[in-house]
Amino acid sequence: MSKRPEEKKKSKPSQAARRALEDLKGLLLLDGVLKDPVGEALARLLKWLAKEDAEPQRGLRRYGKLWRCLMESGVLERKGRVGNLLQDHLLERLLTDDNPFHRRAEQGPLPGMDPSLHSFYMKDLAAMRRVLKTDWEAEFFKRSSSLGEVKAPSLEGAREPKGSVPETAQAKTRRRLKEKLLGSAGPEVAAEVGNYFLQYGLGDFGRYRAFRWKDGLQGVAVPDPIRLEELVGYDEQRQPLLENIEAFVKGKSANHALIYGERGTGKSSTVKALLNRYGDQGLRLVEVHPDQLNEYPRILPLLRGRREKFILFVDDLSFEENETGYKGLKALLEGSVEAKPSNVILIATSNRRHLIREFFADRAGGLQQEGEIHGADTVEEKLSLSDRFGLVISFYSPDQDIYLQMVENWARVEGIKLPAAELRARAIQWEKANNVRSGRTARQFINDLLGKV
């Protein structure tokens with residue numbers, strides 16, 4: 001009697017996946033965490049894992065889709081990652097989610113919160129933790145054992161070396177909170193979540209300090225780390241700007257500011273350094289391209305009413321003869337029918353004191369044969385734009401002593417050890433070869449030196 005061929009043993013449905021689907025279905029406050037491509041891909045994979053007669057190849061496709069969505073989410077570039085790629089993504093989504101509990105936590109301490117809101121949040125947090133703690137990579141490989149040896153990407157991903165990127169106080173707090181969320185779902189963790197939103201704010205405003213405007217606010221994951229202590233020279237010019245910003249972050253009246261002067265003198269670096277000094281006090285920066293000034297009616301409503309203080313940063317601002325963007329700037333500086341939010345100021349940098357290129361023919365009485373009859377009025381309107389800034393600061397090219405102090409400062413920051421006389425001689429030679437003396441020239445000299453020493 002011949003033996004029947006041995007049938008390949010089918011793997012059993014994942015009970016963890018069935019529980020997870022029930023947990024996710026019951027979310028009341030944190031349901032938005034899964035409403036993105038990664039969450040949708042995870043839900044499809046869970047349904048396959050929980051199915052009785054799951055088709056193996058379909059599971060492989062769904063697992064691959066989840067991995068690809070994670071890659072496209074940028075989780076690999078994130079600093080301070082906690083757990084595997086999926087865990088960190090879901091934790092970040094949780095700490096960015098806009099829901100009634102998080103909005104209430106941003107406004108004040110938890111003891112004053114509606115008990116039912118706190119209770120349902122705790123229930124959702126416990127459910128999310130069960131999903132987070134399950135090793136879905138292991139569940140997938142166990143369920144797909146009937147495929148034989150499966151080659152599929154891991155959800156672990158490479159990690160940055162410890163201490164490779166300096167953490168801000170906010171980044172450190174966020175990382176530690178993610179670690180606690182992954183390890184516990186008790187009342188003390190909910191309290192820490194509430195304290196985090198109370199201190200840093202909700203959503204992307206709590207996650208990012210810097211933004212750029214590109215048809216919407218886009219968070220900048222790694223802003224320029226430049227600090228005021230690294231900028232040598234112009235202390236006298238910076239002082240009124242620092243006083244202005246200190247008043248601003250304290251909720252007092254503050255002026256729009258224009259910083260003008262030679263290229264490479266540290267105008268933009270000064271503005272970015274303000275963010276690194278006052279970011280922990282609620283200061284945020286939104287970079288707006290000069291071509292986007294007419295979009296301010298779309299930008300301001302997103303910032304109005306927020307507790308953070310926002311600098312609208314316009315770098316290298318100037319207008320050519322026939323440009324009309326100055327009208328958007330004028331409306332922003334002077335206001336329109338819509339009042340300017342008290343938590344927003346504009347800081348612009350420019351190489352021109354009067355912001356536009358002026359020609360002799362533009363002057364009244366010039367040889368203008370064409371153009372509008374009252375062209376001189378338009379020119380005057382453009383020229384007076386700089387007068388509408390409450391604070392105007394000039395950064396001129398440094399003398400040689402200041403330039404050499406900049407070089408020595410950057411050499412100290414970068415740990416370059418050269419005899420002082422040699423460093424100064426090489427810096428002067430570099431300046432003459434480039435025919436420019438500025439803070440940027442000093443930084444470029446140090447960059448060149450780093451490649452040679």
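How many helices and strands does the secondary structure of the protein chain come to? I looked this up before anything else, keeping in mind that the model is predicted. My tally for the chain is 18 helices and seven strands.

**Entry: the whole chain**

I checked burial next. The protein chain has 453 residues, and 46% of them count as buried. Then I pulled up the accessible surface, which comes to about 24,100 Å². Carbon and sulfur atoms own 49% of that surface. I also looked at contacts between residues at least 6 apart in sequence: 79% of these join residues at least 24 apart.

**Entry: strands 1 and 2**

How do strand 1 and strand 2 run, and how many bridges join them? I found that they run antiparallel, with four bridges between them. Strand 1 covers residues 210–213, and strand 2 covers residues 217–220. I picked out one pair here: Ala 210 stands opposite Val 220 of strand 2.

The two strands form a hairpin, with three residues between them. I checked Asp 215 in this hairpin, and its phi is positive, near 55 degrees.

**Entry: Ser 350**

Next I went to strand 6, which spans residues 344–350, and found Ser 350 in it. Is Ser 350 buried or exposed? I noted a relative accessible area of 1%, so Ser 350 is buried, since the cut-off for buried is under 20%.

Which backbone oxygen does the side chain of Ser 350 reach? I traced it to Leu 317, with the backbone oxygen at 2.6 Å from the Ser 350 side chain.

Conventions. Residues numbered from 1 in each chain as written. Predicted model: local features only at pLDDT ≥ 70, side-chain atom pairs only at ≥ 80, totals over all residues. Heavy atoms only, no water. Buried < 20%, exposed > 50% of the residue type's maximum accessible area, 1.4 Å probe, protein only. Polar contact = N/O pair within 3.5 Å; in protein donor to acceptor, adjacent residues only side chain to side chain. Pairing = 2+ DSSP bridges. Contact = heavy atoms within 4.5 Å. Areas by Shrake-Rupley, 256 points an atom, 1.4 Å probe, with all protein chains shown as cover.
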